[in-house]
Amino acid sequence: MIRVSKQPHILIIEDEAAIRTGLTDALVYHGYRVDGVADGNQGLGKALSGKFDLILLDLMLPGTSGFEICDAIRKVDREQPIIMLTAKTSDEDIITGLGLGADDYVGKPFSVAELVLRIKAVLRRARTVVAAAQKIELGGDVTIDTQNLRGTRGLEELVFTRREMDILEYLHAHGERPVSREELLNKVWGYDRNAALETRTVDIHVAKLRRKIEIDAKSPRYLITVRGAGYRLVTET
Ligand code: CA
């Protein structure tokens, strides 16, 4: 299982101040960490940071629309939980919203109690999806069994720590999107603050993982560094 920081971090992208602040207060009361943004362009930047456990996304926004934001997220991250909030309730909009890959859709006006239930359900499902990957195969010669913390590289047996496996699973779940050290610290270690001070911890774990899964740890083929962006797990040959 991926260790998730105790308080899930939610991004609200909503231009109506009353709804944004009301929701923020209610979700903080329910134990979530919340960032709120009123503008679509600013929201898009934050949404693509990969730092949030869930995004509550309004449809009609100044700047980039909620649909465009959802589409942009899905191009780089299939796992990011997204719930759309909108006053538009026609079926066409619902279908478009779900077609772009939102996990759920809540029409305004909504009750906070109902929204919190939806948030919990979407977060639960997201964790199950991540935890469901039991086998990770790398380039045909490395096989990793995430449940048993073991693997093979050719004829060699590999043994991983839980933390090393959490890192591999997290990178694997995010496919082609490079994951920053800060995000790994936040999502795998559950560190909320001063993450920048601890990034060496991540590098040390990555170096250990490379000695296990790579033929040559100095020129990695699978656990690669994306300059300025972080780490990525390459699964194809
Ligand atoms: Ca709006």
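Student: How many bridges join strand β8 to β9?
Tutor: This is a predicted model. In it, β8 covers residues 150-153 and runs antiparallel to β9. R150 stands opposite V159 in β9. The bridges joining β8 to β9 number four.

Student: Which strands stand at the edges of the sheet with the order β6-β7-β8-β9?
Tutor: This open sheet has four strands with antiparallel pairing. An edge strand here has a single partner, so one side of it is left without a neighbour in the sheet. From one strand to the next, the twist averages 15 degrees. The edge strands are β6 (135-138) and β9 (156-159).

Student: What is the strand order in the open sheet of five strands?
Tutor: Its pairing is parallel. Two strands, β2 (33-37) and β5 (104-107), pair on one side only, which puts them at the edges. Neighbours in this sheet are turned by 20 degrees against each other on average, direction ignored. The order is β2-β1-β3-β4-β5.

Student: Which residue of β4 is the bridge partner of L56?
Tutor: Start with the two strands: β3 spans residues 54-58 and β4 spans residues 82-86. They pair in the parallel sense over four bridges. In β4, the partner of L56 is I83.

Student: At about what angle does α2 run to β1?
Tutor: Helix α2 covers residues 40-47. It lies across three strands, β1 (9-13), β2 and β3. Its angle to β1 is about 160 degrees.

Student: Are α2 and α3 roughly parallel or roughly antiparallel?
Tutor: Helix α3 covers residues 66-76, and its axis comes within 10 Å of the α2 axis. The two axes cross at roughly 20 degrees. Angles under 35 degrees count as roughly parallel. That makes α2, relative to α3, roughly parallel.

Student: How many charged residues are in the contact of α2 with α3?
Tutor: On the α2 side are G40, G43, L44 and A47; on the α3 side are I69, A72 and I73. By class, five are nonpolar and two are polar. The number of charged residues is zero: there are no charged residues.

Student: What is the handedness of the crossing where α6 passes α7?
Tutor: Helix α6 spans residues 162-173 and helix α7 spans residues 181-189. Their axes come within 10 Å and cross at roughly 115 degrees. The crossing is right-handed.

Student: How many charged residues does the contact of α6 with α7 have?
Tutor: α6 contributes R163, D166, I167, Y170 and L171. α7 contributes E183, L184, K187, V188 and W189. Six of these residues are nonpolar and no residue is polar. The charged residues number four.

Student: Which residues coordinate the calcium ion?
Tutor: Along the chain, the donors follow the spacing D-x42-D-x1-M. D15 lies in the loop between β1 and α1 (17-29), while M60 lies in the loop between β3 and α3, 45 residues apart. The coordination distances are 2.1 to 2.3 Å. The residues are D15 (OD), D58 (OD) and M60 (O).

Student: Which residue takes a positive phi in the hairpin of β10 and β11?
Tutor: Strand β10 (residues 223-226) and strand β11 (residues 230-233) run antiparallel, joined by four bridges. L223 stands opposite L233 in β11. Three residues lie between the strands. The one with a positive phi, near 75 degrees, is G228.

Conventions: Residues numbered from 1 in each chain as written. Predicted model: local features only at pLDDT ≥ 70, side-chain atom pairs only at ≥ 80, totals over all residues. Heavy atoms only, no water. Axes fitted to C-alpha atoms, helices over the stretch in contact; angles between N-to-C directions. Parallel < 35°, antiparallel > 145°, perpendicular 65-115°, else oblique. Contact = heavy atoms within 4.5 Å. Nonpolar A, V, L, I, M, F, W, Y, C, P; charged D, E, K, R; others polar. Pairing = 2+ DSSP bridges. Left-handed = near helix turned anticlockwise from the far one by under 90°. Donors = N, O, S within 2.8 Å, 3.2 Å for Na, K, Ca; no water.
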